Structures are given as C-alpha cells and as structure tokens.
Amino acid sequence: METSQIFIILTPIFFVILLGYLAGYFKKFDATTSKGLNTLVTKFALPAHLFVGITTTSKHTLIEKWPFLLALLLGIIGFYILFLLVTKYVFKFSLTGASMFSLNATQPTFAFMGIPVLGSLFGADVVAIPIAITGIVVNAILDPLATIIGTVGQRKNKESEGDSLLKVTIRSILHGISEPLACVPLIGVILVLCGFQSPDLLSSSLDQIGSITSGAALFAVGVTIGIRKIRFSPVAFSIAILKVVVQPVVMLGIAIAIGLSSSDIIKLVLLVAFPGSAVAAMISVKFDSLAGETASSFVISAILSLVTLPLLISWLM
C-alpha cells in the first residue's frame, strides 16, 4: 500500500484521538466522565456492533476461524505467560508486579481502535469476527488470568488470606465472562453455531448504537491519554516497546507458522500492534502495583503507534 493511502486512512483516526486528547488535557473531561465515555463504548456500542457482525455471518465462515483463535491464544496468552516468567525469574519482579507488567505489555486497545483502523482497511463488517474473537480471548481469559496471578502474589505478602484462592479464581473468571465484550460475542457465536441469523430489524436496531463505535472509541482513547500524567521510566518504556514493536513481530511469526491467509495475518498483527489498554492499566491500579508505570506505558505506546502503525501497514500491505 502506498504511503499516501496509509496517510489518508490514518489521518482522520489520529485527528479524532487528538480532539479527545485536547478535551482531556483542557479538563473538559475528568476521570469520572472519561469512565462514562469508556463505558458507552465497551459495554454498549462495540458489543452491539460485534453482535450484528457475528450474527450476520454464516456458520461455515465462523467455524473456519479456529486457526485465527489459536494464533490469538499463542500471541496474547502465550506472550503474557512468557514475559510473566521472564520478569519474575530474570528481573526479579514480585509475582503481582510481573503479572501487571506482562498484562500491560500484552493487552491491546483493540476495543477502541479495531473497528476504525481495520475497518478502514478491510471494511467494518469483515473485521467484526476477528475483533470479537480478540474480545473473548482478552476479557474471558487474559484479564481473569492476570487477576488470579496478581491476587496470588498479594496473598503471599499478607498474613490474613481472606477469600480462598478457589473463590478468587471463580470470581475472576465469572467477572471476565460477564463483561459485554466477552459475553455478547460469545452469545453471538453460540447462536450462529445453532443456526441463528440476525433478522434485518434486529440488525438495524442494534446498528443505531453500534454505528457510533468508531468515533466515540477514538475520542475516548484521546481523552484517556489527555487526563493522565506520563512518567518516562525504563519500565514504562519497556512495556510500551514490547507492546507495539515486539508483540506484533512475534504474532507475525506465529501467524505465518500456522499458515494463515495474508489477510488474516495482517489483521492479527495489527490487532496486537495497537497501543496498550487503559483497562490493563486500571487493573494495575486496583492491585497498587506498577500503577504509574503502566499508566505511562499506555500513553507512550499510543505515541509510538503514530510511527509503528503506518510502518506495519506499509510493510504488510
């Protein structure tokens, strides 16, 4: 793809992010209103959009996507486990710190940038299923896994253990599955496998809210960056570079090894090449572990993506 075409695709995307950044920086949005904007996108608009995309897809097409799911499991969950072990045993992080480091170096902001970026390249309808599969992997597997391991690390440092590990595990998994970005696509997949196809009236109704996804999501990314303070620490830079440089290269190797089509390879690489996730940074705050570093890495990775995304698109397409 020519540089001019990439510029035409990405300029409107980063323009909306810039508007959101200015709104956050000049205090038009604060942490509370930003959370409301994120809730609109992640719990209503994007799930509705993904449900329509999945339930208007044939059962055969959906079944054929299992290699795509395998690649995501290896490229996201495998990447998380690898760096969990490296940070814990090589760099001597605490178990909770290693979990938070690895989570933020692994989880992309696919929910906010997937539709606008991939939709501009392939069409919004085509990328609904890949983004939905990513949502299931991240929200139903990655976040609960990082939460469980982070809790285990904290319990080792406490005299009173409180809830049993089994309760923590069950609660974390149920919470992950209950998130709309996990359960709505999962319900859609089950319905399609049972032979359901969304009628036009239902699709049109859900599109009323789903159609705002792109603009609202990009604006929300900008606001989140604008209200945060950046700490240029080695840990923050390390997380950001792992996220937008190393993980996409690893995913490229995995996708090629599995033998996926060129179109699916591009989608997989770009899905993990997006900046780190604000959700992952918030999980770090919850555990009070690397909170400043992970919040900063989210901002740094977003800035780096201004360079890495155009380069990846140019290289892959």
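Here a biologist and a modeller talk through a predicted model.

Biologist: Let's start with the cysteines. How do you know that C183 is in no disulfide?

Modeller: A disulfide needs two cysteine sulfur atoms within 2.5 Å. The closest cysteine sulfur to that of C183 is in C194, and it is 16 Å away, so that is too far for a bond. By this rule, the count comes to 0 disulfides.

Biologist: And what makes C194 count as exposed?

Modeller: Exposed means over 50% relative accessible area. C194 has 66%, so it counts as exposed.

Biologist: Okay, now N139. Why is N139 called buried?

Modeller: The cut-off for buried is under 20%. N139 has a relative accessibility of 9%, so it falls on the buried side. This residue is found in helix α7. Leaving aside neighbours within four places in sequence, N139 touches several residues, among them F110, P144 and L181.

Biologist: How about K27 and K92? What makes K27 exposed?

Modeller: Again, the bar is over 50%. K27 has a relative accessible area of 65%, so it is exposed. K92 has 64%, so it is exposed too. K27 lies in the loop between α1 and α2, while K92 is in the loop between α4 and α5. Phi is near 65° for K27 and near 60° for K92. Each is a positive value in a residue other than glycine.

Biologist: Which residues have the most contacts inside the largest nonpolar core?

Modeller: Those are L72, I76, L268 and L270, in a core of 77 residues. Helix α7 gives the most to this core, with 10 residues. There's also a second, separate core of 7 residues, including F79 and I239.

Biologist: What does I76 touch, leaving aside its neighbours within four places in sequence?

Modeller: I76 is in contact with T106, T134, V137, V138, L142, Q247 and V272.

Biologist: Last one: how do α6 and α13 cross?

Modeller: Their axes come within 10 Å and cross at roughly 150°, and the crossing is right-handed. From α6, the contact uses F110, L118, L121 and F122. From α13, it uses S263, I266, K267, L270 and L271.

Biologist: By class, how many residues in that contact are nonpolar, polar and charged?

Modeller: The contact has 7 nonpolar, 1 polar and 1 charged residues. Lys counts as charged, so K267 is in the charged class. Ser is not on the nonpolar or charged lists, so S263 is polar.

Methods. Residues numbered from 1 in each chain as written. Predicted model: local features only at pLDDT ≥ 70, side-chain atom pairs only at ≥ 80, totals over all residues. Heavy atoms only, no water. Axes fitted to C-alpha atoms, helices over the stretch in contact; angles between N-to-C directions. Helix = DSSP H or I, 4+ residues; strand = E, 2+ residues; numbered from the N terminus. Left-handed = near helix turned anticlockwise from the far one by under 90°. Contact = heavy atoms within 4.5 Å. Buried < 20%, exposed > 50% of the residue type's maximum accessible area, 1.4 Å probe, protein only. Core = buried A, V, L, I, M, F, W, Y, C linked by side-chain atoms within 4.5 Å.
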